[in-house]
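Here is a quick tour of one protein model, going from a single hairpin out to the whole chain. Have the viewer open and follow along.

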Amino acid sequence: MREGLRVLLFLLLLFSFNVATAQPSDVISSVSTEKVYANQPAKITAELYQSATVAQILLFYKAFGSSEFLSSEMLIVGNTASTIISADNVSVPFIEYYFNIIMKDGKEEIYPAGAPFNANPFQLIVEEKYEPSLYEEIIFLSPLSSEKISPTGFFLSVSIYRASLAVNRSATKVFLDETEITDKVLISDDIIILPPENYTAELPIGKHIVKVILFDTTGIEHYTSSLMFEVVSAELADDQRKKDYGYNVNLAGESRHENLKNAKYSFNRFTANLSGNYGAFYSNLLLYATSEEKPGLQPQNRFLINLGSDWLKLSYGDNYPKFPSLIMDGKRLRGFSGNLMLGSFNLQASYGEINRPVEGNLLQTFSRADAKLGTNIIEIDSAKYGQPFGQVMLATYKRQIFAVRPYFGAGETFQLGFSYLHSKDDMNSVEFGARPKENVVLGTDLFIGIDEQRMMLRGQAAFSLMNNDISTGQLSDKLIDSLFGTGKSFGGDPEQIKTLRDIAGKFITVNQFISPLNPLEFPTLAAEAMFSMNYFGNYLRATYLYRGNDFMSFGQNFTRNDIQGINIYDRLGIIQNRVFLSLGYERLSDNLQKTKITTTTFENFDASISLFLRINFPNLTIGYSKYSSKNDLSPTDPESIKRMSYIDDITNRLSFTSSYDFVLGIRHKAMLSVLTSAREDNSLSNSDGNYTSVILNLQNQWDRSLTTFFNPSINLSRISNKNFDYYSISVGGRYRLLDDKLELTGMLNPTFGDFQRLVVETIAQYFILKNFSVNLYSRYIINQKPIKDETTIGLSTKFEL
């Protein structure tokens, strides 16, 4: 009877609301992250409504105080896309990010729509990792922070050795999940212990908080500290202790049918993730196979084999090698990657395919006399097709890449590296291709760390050669004499060009399509230098960057070129690193090679304050940013008016984010985010814009069986005097019954206003065994007419060992 009432409560709560939260995306349904700490990798995961029409998803992100968005290609497995932001780009107080979704038909979608200029990107709050220091008066010896223990494995041991002489140690109070257990602990000098015989109850599975409060001799609260740990099943806790040998098997299968706006798709998917370790060695196999695999698309199937230890890492399959950022970072490669780490000498290398060949189509043939000019008009086999020219849908060449980096030093106090990258289109891989390309990048990088890395110097530089059409082969002496020299098309000394061709030709095809033709102007040079100091709770970093307008590396998805300038970032941690004040200033300018009619200056200022008090108080982050762009043209200049090339705009952005985990009858997790920005465009286009978003996420843990959530949001925008406002509320929950064998999840997600849609999702997961489950999933989307409604139904199984 009681269980039936709970199911009724769950269903009433779920279906009594007629509005729910949603963002205007046809692809991404939700974004999730784990707790993110400074100088540690941050994983971002996007759940997709559907992936049948998606070719690629790029995550663009930037650190606080910077205007440059870096990019990383996301790994798409089923209806989940994920990527990891490297630790170097994760700093307090937040990271801003947005998604670029590339569809299989070539169309693109930005999420959030309009980001980053006409809408606010998402924000990911970054906290400083809490470490006990000499200033901490309470140090938890057991359990450790975030430690996983069994229900009967709770043992409390706390040191108050560093507590002030003003503390009355006998007045200390101890709480476990808001329940005082002071009468059960023993306080002996500077140690607090909870003997097992004094606390025999089994702790329920889940996260718990232990809190210790110190009082001074007048009875006033002097100091408080708390720690979170997690109780897991006895079997899982025992697995955590087995470090010498272990393995894990995770198998999943799915059959799915999607009825989308313009088409219907049915497919089957299989995922296998096998991992193991023996001593210091580890291995991992990831396999993803889908019926969506087609020769006319880039690979949909994925596989990856990892082998490694403390001194050697080997990968084969679909991997994302990380070289210095100017060389290769965030690019998917199907092939081999390895890293030999011997300390004084190390070697990193990658080789494989970044584009597989996809054949084009012949649309129309032409005689030589009738051939038109066009980027998709190419020469074809006249013996085969009857005419020498054809209009085609251009193919994608097979593109392979090789990168190698020998480097010296382990990176604790010193490291010096040299990088070489070569990438080339295979002209014989397709029939209907045009303008095959080739790319070479040479680079070096340096790291010096002083005083346990409290002072650091980092730098990297790279020089690229790019050939935009290698189909004609190397330049001949005769062609060089006709193209270069006084009064010729390109100028320059023909003999110097021949010498450069002979040197560079050993690495790349040299012809009239190569860049740079004049390397003395450094158009393909890129360099960065960064110096940082971290003393007395103050972290100061200064960066200089330079990127020529033609710098290119095929190891990157996106690089902002034709830019130079400085970036300064300062972060001050006070009150034992519980309050952070952050400032950032950046000034950049373009037109380095004077190839434009004007130079634009980009100036950015950022400021924020973050509070992570950790004890019975919400985490707070308040940020302000000012972005401005201005070129040196006059708004009244006739040429400026004709070209609409005058730039003068300022964007002011204010953000407020707060999260709080608290107990009020039951356990709650709350997060409130408010972002507002105003853009003043003084150019002739007058594209003023205002954008405001308010998002509240509230999760309620009624008991171990029932969890509910309530997430309202408001999104208001006005661009060029046009409003686009929508509102949404997401409400739903998860309920476990039948001794946790059945888990029901449901959500209502309507959006209304200028964007209207209703999303209904249901999931029923049944555990046949503890490690084997069957999952039935459904989604129904009611779109605003005349757009067709959409349905998705899926059945999946999962096995873990």
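Let's start with a pair of strands: strand 3 and strand 4 (residues 70–73) run antiparallel and are joined by 4 bridges. Keep in mind throughout that this is a predicted model. One of the bridge partnerships is easy to pick out, with leucine 58 facing glutamate 73 in strand 4. The two strands make a hairpin with 6 residues between them, and glycine 65 in the turn has a positive phi of about 90°.

**Rings around the hairpin**

Strand 3 covers residues 54–63 and carries phenylalanine 60, which teams up with a ring from a distant part of the chain. That partner is phenylalanine 558, in the loop between strand 35 (538–547) and strand 36 (563–574), and the two are 498 residues apart. How are the two rings, phenylalanine 60 and phenylalanine 558, arranged? Their centres are 5.5 Å apart and their planes sit at 70°; since an angle over 60 degrees counts as edge-to-face, that is the label for this pair.

The two partners differ in how much cover they have. Phenylalanine 60 is buried, at a relative accessible area of 7%, while phenylalanine 558 is partly exposed at 42%. Both belong to one aromatic cluster, together with Phe69 and Tyr98. In the whole model, 23 aromatic pairs turn up.

Phe69 has company from a charged side chain too: lysine 62 lies over the face of phenylalanine 69, at 5.8 Å from the ring centre. A second example of a charge over a ring is arginine 405, which lies over the face of tyrosine 407 at 4.3 Å from the ring centre.

**A five-stranded sheet**

Next, an open sheet: 5 strands in the order 11-18-17-13-14, with mixed pairing. Which strands stand at its edges? They are strand 11 (148–149) and strand 14 (179–180); each has a single partner strand, so one side of each has no neighbour in the sheet. Strand 14 pairs with strand 13 (residues 173–176) in the antiparallel sense, over 2 bridges. There, leucine 176 stands opposite threonine 179.

**Serine 157 and a cis proline**

Strand 12 (residues 156–159) holds serine 157. Is serine 157 buried or exposed? At 10% relative accessible area, serine 157 is buried, since the cut-off for that is under 20%. Beyond its neighbours within four places in sequence, serine 157 touches Phe140, Leu141, Ser142, Ile191 and Ile192.

Ser142 on that list is worth a second look, as the peptide bond from serine 142 to proline 143 is cis, with omega near -5°. Proline 143 itself is in the loop between strand 10 (139–142) and strand 11. Another cis peptide bond joins serine 515 and proline 516, where omega is about 10°. Proline 516 is in the loop between strand 33 (514–515) and strand 34 (525–535).

**Positive phi outside glycine**

Two residues other than glycine have a positive phi: arginine 435, near 55°, and lysine 594, also near 55°. Here is where they sit and how accessible they are.

| Residue | Loop between | Relative accessibility |
|---|---|---|
| Arginine 435 | strand 30 (414–426) and strand 31 (438–450) | 33%, partly exposed |
| Lysine 594 | strand 37 (579–589) and strand 38 (600–611) | 62%, exposed |

**Stepping back**

What does the whole thing look like? The protein has 6 helices and 48 strands. Its radius of gyration is 30 Å, close to the 28 Å that the globule rule gives for 801 residues, so the protein is as compact as a globular protein of that length. The C-alpha atoms fill a box of roughly 95 × 65 × 60 Å along the principal axes.

Inside, buried residues make up 45% of the 801. Of the contacts with a separation of 6 or more, 58% are between residues 24 or more positions apart. As for the surface, about 40,000 Å² is exposed, and carbon and sulfur atoms supply 58% of that area.

Terms used
Residues numbered from 1 in each chain as written. Predicted model: local features only at pLDDT ≥ 70, side-chain atom pairs only at ≥ 80, totals over all residues. Heavy atoms only, no water. Buried < 20%, exposed > 50% of the residue type's maximum accessible area, 1.4 Å probe, protein only. Contact = heavy atoms within 4.5 Å. Phe/Tyr/Trp six-rings, centres within 6.5 Å; stacked < 30°, edge-to-face > 60°. Lys NZ or Arg CZ within 6 Å of the ring centre and 35° of its normal. Pairing = 2+ DSSP bridges. Rg over C-alpha atoms; globule rule 2.2 N^0.38 Å. Areas by Shrake-Rupley, 256 points an atom, 1.4 Å probe, with all protein chains shown as cover.
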